Amino acid sequence: MRCTVFTCNGRDIPLEYKPSLRAKRLSLRLSSKDASLILTIPFQTTQTQINSFLQHCTPWVHRQLKRVEPKILIGHGETLTLHGTPFQCVVDPLRRKPALCEMTKTLFLSPRYGKEDLYAVFKKVAVEKLMSYILKAASHVGKKVEKVTIRDPKSRWGSCSAGKTISLSWRLILAPPEVAYYVCAHEVAHLIYMNHSKEFWRVVGELCPAYRTHCTWLKINGPSLMRI
Ligand SMILES: [Zn+2]
């Protein structure tokens with residue numbers, strides 16, 4: 001079975017080609033299991049026909065994705081998973097700013113808080129968790145990181161500069177820990193190769209053998225992590 005990607009509004013969705021001797025026409029469906037697309041292709045369909053069919057399907061795919069994408073909700077009674085740990089959200093009328101209690105696994109919210117106050121709480125968790133991943137991966141490859149910054153970029157999870165400064169998105173703590181580790185390993189591998197060559201991916205594979213799965217997870221779920 002051939003696998004490729006379908007790009008919809010700048011987002012890559014895994015697309016699986018499923019040839020069929022019985023099918024009479026091209027059809028596309030979205031798997032509810034992993035939000036990938038499955039294209040059923042009748043015998044003797046040309047690539048041109050496939051391409052034009054897929055182009056025609058773009059608005060439909062866009063609508064379907066919106067339907068299956070979960071929004072991360074933060075409000076009284078909601079549960080928010082941070083770095084693999086579920087935190088119960090509780091509004092505390094006496095608080096002025098949100099705060100995280102690791103002991104009771106509670107995210108206390110003030111009645112009226114600014115987005116920046118909430119992000120500051122998350123950034124603190126991100127600094128602690130992601131820094132330890134960076135140090136772990138860097139020591140594994142025997143490299144030194146000059147500086148790590150935690151930011152909120154709109155479209156990237158991490159970057160590595162020529163000056164060996166690694167920048168990471170705090171939103172990685174909204175992803176499973178193994179996915180966050182993959183991004184850290186990816187950026188640390190850039191300390192050795194400043195490209196995405198075969199050699200680069202070999203280092204990533206050494207640091208994080210299941211990196212392909214984590215890459216796919218980010219492609220599928222990444223946009224929803226931007227929606228809080
Ligand atoms: Zn990269």
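A strand, as used here, is a DSSP run of E with at least two residues, numbered from the N terminus. With that in hand, let's work through some exercises on this predicted model.

**Exercise 1. Find where histidine 83 sits, and work out whether it is buried or exposed, or in between.**

Step 1. Locate the residue: histidine 83 lies in the loop between E5 and E6.

Step 2. Look at the strands around it. E5 covers residues 79-82 and E6 covers residues 85-91; the two run antiparallel and are joined by 4 bridges. Leucine 82 faces threonine 85 of E6, and the hairpin has 2 residues between its strands.

Step 3. Check the backbone. Most residues other than glycine have a negative phi. Histidine 83 is not a glycine, yet its phi is positive, at about 50°.

Step 4. Count neighbours. A residue is buried at 20 or more C-beta neighbours within 10 Å and exposed at 12 or fewer. Histidine 83 has 18 inside 10 Å, so it counts as partly exposed.

**Exercise 2. Repeat the analysis for lysine 164: which loop holds it, and what is its phi?**

Step 1. Lysine 164 belongs to the loop between strand E10 (158-160) and strand E11 (165-169).

Step 2. Its phi is positive, about 65°, although lysine 164 is not a glycine.

Step 3. The neighbour count for lysine 164 is 14 C-beta atoms inside 10 Å, so this residue is partly exposed.

**Exercise 3. Draw the sheet that contains E5, and say which strands stand at its edges.**

Step 1. Write down the order: E5-E6-E8-E7, an open sheet of 4 strands with mixed pairing.

Step 2. Read off the ends. E5 and strand E7 (99-101) are the edges; each has a single partner strand, so one side of each lacks a neighbour in the sheet.

Step 3. Add the twist, which averages 30° from one strand to the next.

Step 4. Fill in the pairing of E7. This strand is antiparallel to strand E8 (residues 106-109), with 3 bridges between them. Leucine 100 has leucine 107, in E8, as its bridge partner.

**Exercise 4. Describe how the chain is divided into domains, and which kinds of residue domain 1 brings to the contact.**

Step 1. Mark the bounds: domain 1 spans 2-68 and domain 2 spans 79-225.

Step 2. Place the centres, taken over C-alpha atoms: they are 31 Å apart.

Step 3. List the contact: 5 residues come from domain 1 and 4 residues from domain 2.

Step 4. Sort the domain 1 side that touches domain 2: 2 nonpolar, no polar and 3 charged residues.

Note on methods:
Residues are numbered from 1 along each chain as its sequence is written. This is a predicted model: local features need pLDDT of at least 70, side-chain atom pairs count only at pLDDT 80 or more; totals for chains, interfaces and linings use all residues. Two strands pair if DSSP finds at least two bridges between them. Domain bounds come from an automatic or database domain assignment. Two residues are in contact if their C-beta atoms, placed from the backbone, lie within 7 Å. Ala, Val, Leu, Ile, Met, Phe, Trp, Tyr, Cys and Pro count as nonpolar, Asp, Glu, Lys and Arg as charged, and the others, Gly among them, as polar. Axes are lines fitted to C-alpha atoms, for helices over the stretch in contact, and angles run from 0 to 180 degrees between N-to-C directions.
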